[in-house]
Amino acid sequence: MSTVHVLEHPLIQHKITYIRDVTTGTKEFRELVDEVAALMAFEITRELPLQEVTVKTPVSEAKAYTIAGKKLGLVPILRAGLGMVDGILKLIPAAKVGHVGLYRDPETLQPVEYYVKLPSDVEERELIVIDPMLATGGSAVAAIDSLKKRGAQNIKLMCLIAAPEGVQMVQEAHPDVDIYLGAQDEYLNEKGYIVPGLGDAGDRLFGTK
């Protein structure tokens, strides 16, 4: 079974408080999501392998370390996932970015894939699937399904807020995918919103209703 990591760093928790706040406007909300994504990227990359190198400083030679050739890829789920990409790229500017577009069929309520564009070497990369909200889990499972069909073998999932129902669905469908969260909330209400949550992440990021 996959591992769920709730990232309890004080800065992450502090900023999520303001992300949740209904009085936080679009500009500040967007900036906060960007900042939390960067902080989460710091935690999610903690186990990247290092290799020893030698560099010349202004004083002498020094043994130092670089990331050992690990290829990373970011895959936001459209559209809300886009709000977290720039923050992560600030820390990992060499990461390639793919996209998965999904919408919910109004009759079946199941996610329907309408767009996928991924790096050509997806099977060689460690991929981070990004979506602010893990509610029912349907979109995350569909996105991971889509990546695996195209050869992806090493996948992690990053979300700001999750409901237990969504976490369980992802774990059951993809037990090899570790989940990284800013917070795990209480439950889903009858409309499919996470409680207490933060509302609709896409609407709050892009100022739409």
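Here is a walk through a few spots in this structure, which is a predicted model.

Let's start toward the beginning of the chain, with helix α1, which covers residues 10–20 and holds Lys-15. Is this lysine buried or exposed? Its relative accessibility is 18%, and the cut-off for buried is under 20%, so Lys-15 counts as buried. Now look at what surrounds the residue. Setting aside anything up to four places away in sequence, Lys-15 touches Leu-32, Glu-35, Val-36 and Leu-39. One of these, Glu-35, also offers a polar partner: the side chains of Lys-15 and Glu-35 make a polar contact at 2.8 Å.

Next, move to helix α2, residues 26–44, and go to Ile-44. With a relative accessibility of 2%, Ile-44 counts as buried too. Which residues does Ile-44 meet once its neighbours within four places in sequence are left aside? They are Ile-128, Lys-156, Met-158 and Tyr-180. There's also a link back toward the start of the chain to look at: Leu-7 sits 37 residues from Ile-44 in sequence, and the C-alpha atoms of the two are 9.0 Å apart.

Now for a pair of helices. Helix α4 runs over residues 138–149 and helix α5 over residues 164–173; they pack at about 25°, with 8 Å between their axes. Angles under 35 degrees count as roughly parallel, and α4 and α5 are therefore roughly parallel to each other. Their crossing is right-handed. If you want to pick out the residues that make the contact, α4 supplies Gly-138, Ala-140, Val-141 and Ile-144, while α5 brings Met-169, Val-170 and Ala-173. Sorted by class, that contact has six nonpolar residues, one polar and no charged ones.

Finally, turn to the backbone, where two peptide bonds deserve a look. Going from Leu-78 to Arg-79, the peptide bond is cis, with omega near 5°. Arg-79 belongs to the loop that connects β4 (72–78) with α3 (82–91). Further along, the bond from Val-195 to Pro-196 is cis as well, and here omega is near 0°. Where does Pro-196 sit? You'll find this proline in the loop between β13 (194–195) and α6 (201–206).

Definitions and conventions:
Residues are numbered from 1 along each chain as its sequence is written. This is a predicted model: local features need pLDDT of at least 70, side-chain atom pairs count only at pLDDT 80 or more; totals for chains, interfaces and linings use all residues. Side-chain values use heavy atoms; hydrogens and water are left out. Axes are lines fitted to C-alpha atoms, for helices over the stretch in contact, and angles run from 0 to 180 degrees between N-to-C directions. Helices (H or I, at least four residues) and strands (E, at least two) are DSSP runs, numbered from the N terminus. Angles under 35 degrees count as roughly parallel, over 145 as roughly antiparallel, 65 to 115 as roughly perpendicular and the rest as oblique. A crossing is left-handed if the near helix is turned anticlockwise from the far one by less than a right angle, and right-handed if clockwise. Contact means heavy atoms within 4.5 Å. Ala, Val, Leu, Ile, Met, Phe, Trp, Tyr, Cys and Pro count as nonpolar, Asp, Glu, Lys and Arg as charged, and the others, Gly among them, as polar. Buried means under 20% relative accessible area, exposed over 50%, partly exposed in between (1.4 Å probe, protein chains only). A polar contact is a pair of N or O atoms within 3.5 Å; within protein, one must be able to donate a hydrogen and the other to accept it, and residues adjacent in sequence count only if both atoms are side-chain atoms.
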